[in-house]
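Me: I would like to go through this model with you, beginning with its interior. Please keep the answers plain.

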Amino acid sequence: MNETPPAPVPPSWQVDVFATLKKRGIQQIAYVPDAGHSHTIREAQRDPAIHDVVLTTEEEGVGVVTGAWLGGQRAVLLMQSSGVGNCVNMFSLLEMCRFPFLTLVTMRGEYAEFNPWQGPMGRTTQQALELMGITVLRADTPEEVEETVEAALDSVFEAGERVAVLLGQKLIGRKKWERD
């Protein structure tokens with residue numbers, strides 16, 4: 001008899017991210033699949049009050065989030081740091097139209113990165129966001145995540161700001177190249 005193994009228990013910070021988004025009225029979550037956001041993605045897919053939007057590329061998420069706002073809903077874009085480079089041109093929409101915007105960015109190219117292609121964007125993610133007028137907050141320990149995401153939600157939905165929360169690579173842990 002084949003038994004399905006239990007789902008892995010997500011790290012507490014991932015549970016905190018989804019709980020905070022839910023508590024603060026996020027109704028749409030746009031994302032390109034990512035292991036660092038896997039818990040939030042799974043929970044959004046299960047929650048009938050949240051519309052999850054899988055993207056083919058991250059810049060589509062800028063349009064989804066701004067469209068949600070225009071339609072009276074709160075939304076967030078989940079992506080990896082490598083996706084920030086894909087969004088730079090679309091970020092001009094946020095600046096020109098003064099849309100509130102929130103993105104949660106799992107970092108690559110930092111702590112114990114095995115993939116050299118992740119390095120350049122990982123090293124310049126914060127600067128790219130700031131150059132496009134987006135305020136950057138960062139959480140590197142599980143204890144910082146909930147408060148940082150709460151602060152970002154206040155800035156975005158109370159003050160109308162554009163904010164990115166960078167979730168440091170140490171939160172996700174070491175990625176390993178699987179070799180056979």
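Me: How many residues does the largest nonpolar core have, and which have the most contacts inside it?

Reply: The largest nonpolar core has 26 residues, and those with the most contacts inside it are Leu77, Val84, Phe91, Phe101 and Leu129. A nonpolar core here is a set of buried Ala, Val, Leu, Ile, Met, Phe, Trp, Tyr and Cys residues joined through side-chain atoms within 4.5 Å. Buried means under 20% relative accessible area, exposed means over 50%, and partly exposed lies in between, with a 1.4 Å probe and protein chains only.

Me: Which elements give two or more residues to this core?

Reply: They are H3, E3, helix H4 (81-97), E4, helix H5 (119-131) and E6. Helices (H or I, at least four residues) and strands (E, at least two) are DSSP runs, numbered from the N terminus.

Me: Before we go on, what kind of model is this?

Reply: This is a predicted model, in which local features need pLDDT of at least 70 and side-chain atom pairs count only at pLDDT 80 or more, while totals for chains, interfaces and linings use all residues. Residues are numbered from 1 along each chain as its sequence is written, and side-chain values use heavy atoms, with hydrogens and water left out.

Me: Back to Leu129. What does Leu129 touch?

Reply: Not counting residues up to four places away in sequence, Leu129 touches Val84, Phe91, Ile134, Val136, Ala164 and Leu166. Contact means heavy atoms within 4.5 Å. Apart from the largest core lies another core, of 25 residues, among them Ile26, Val76, Val163 and Leu167.

Me: Now the sheet. What is the order of the strands?

Reply: The order is E2-E1-E3-E4-E6-E5, an open sheet of 6 strands with parallel pairing. Two strands pair if DSSP finds at least two bridges between them. Strand E2 (51-54) and E5 stand at the edges with a single partner strand each, so one side of each has no neighbour in the sheet. From one strand to the next, the twist averages 20°. Axes are lines fitted to C-alpha atoms, for helices over the stretch in contact, and angles run from 0 to 180 degrees between N-to-C directions.

Me: Which strands does helix H3 lie across?

Reply: Helix H3 (residues 59-70) lies across E1, E2, strand E3 (74-80) and E4, and runs at about 165° to E3.

Me: And E6, why is that strand described as largely enclosed?

Reply: Because 6 of the 6 residues of strand E6 (residues 162-167) are buried, the strand is largely enclosed by the rest of the structure. Arg162, Ala164 and Leu166 are buried on one side, and Val163, Val165 and Leu167 are buried on the other. In a regular strand the side chains alternate between the two faces of the sheet.

Me: How many bridges join E6 to strand E4?

Reply: Strand E4 (residues 101-106) is joined to E6 by 6 bridges, and the two run parallel. Thr103 stands opposite Ala164 in E6. Strand E5 (residues 135-139) also pairs with E6 in the parallel sense, over 5 bridges. Here Thr135 stands opposite Val163, and Leu137 has Val165 as its bridge partner. From E5 the chain crosses through helix H6 (residues 142-157) to E6 in a right-handed β-α-β crossover. Right-handed means that, with the strands pointing away from the viewer, the path from the first strand over the helix to the second runs clockwise.

Me: What about Ala30, buried or exposed?

Reply: Ala30 counts as buried, at 1% relative accessibility. Its place is in strand E1 (residues 26-31). Beyond four places in sequence, Ala30 touches Val53, Leu55, Gly61, Val64, Val76, Leu77 and Leu78.

Me: Changing topic: how many disulfides are there?

Reply: The count comes to 0 disulfides, a disulfide being a pair of cysteine sulfur atoms within 2.5 Å. The sulfur of Cys87 is 16 Å from the closest cysteine sulfur, in Cys97, which is too far for a bond. Cys87 is buried at 0% relative accessibility, whereas Cys97 is partly exposed at 42%.

Me: Lastly, where does Arg98 lie?

Reply: Arg98 lies in the loop between H4 and E4. Although not a glycine, Arg98 has a positive phi of about 60°. Most residues other than glycine have a negative phi. Arg98 is partly exposed, with a relative accessible area of 49%.
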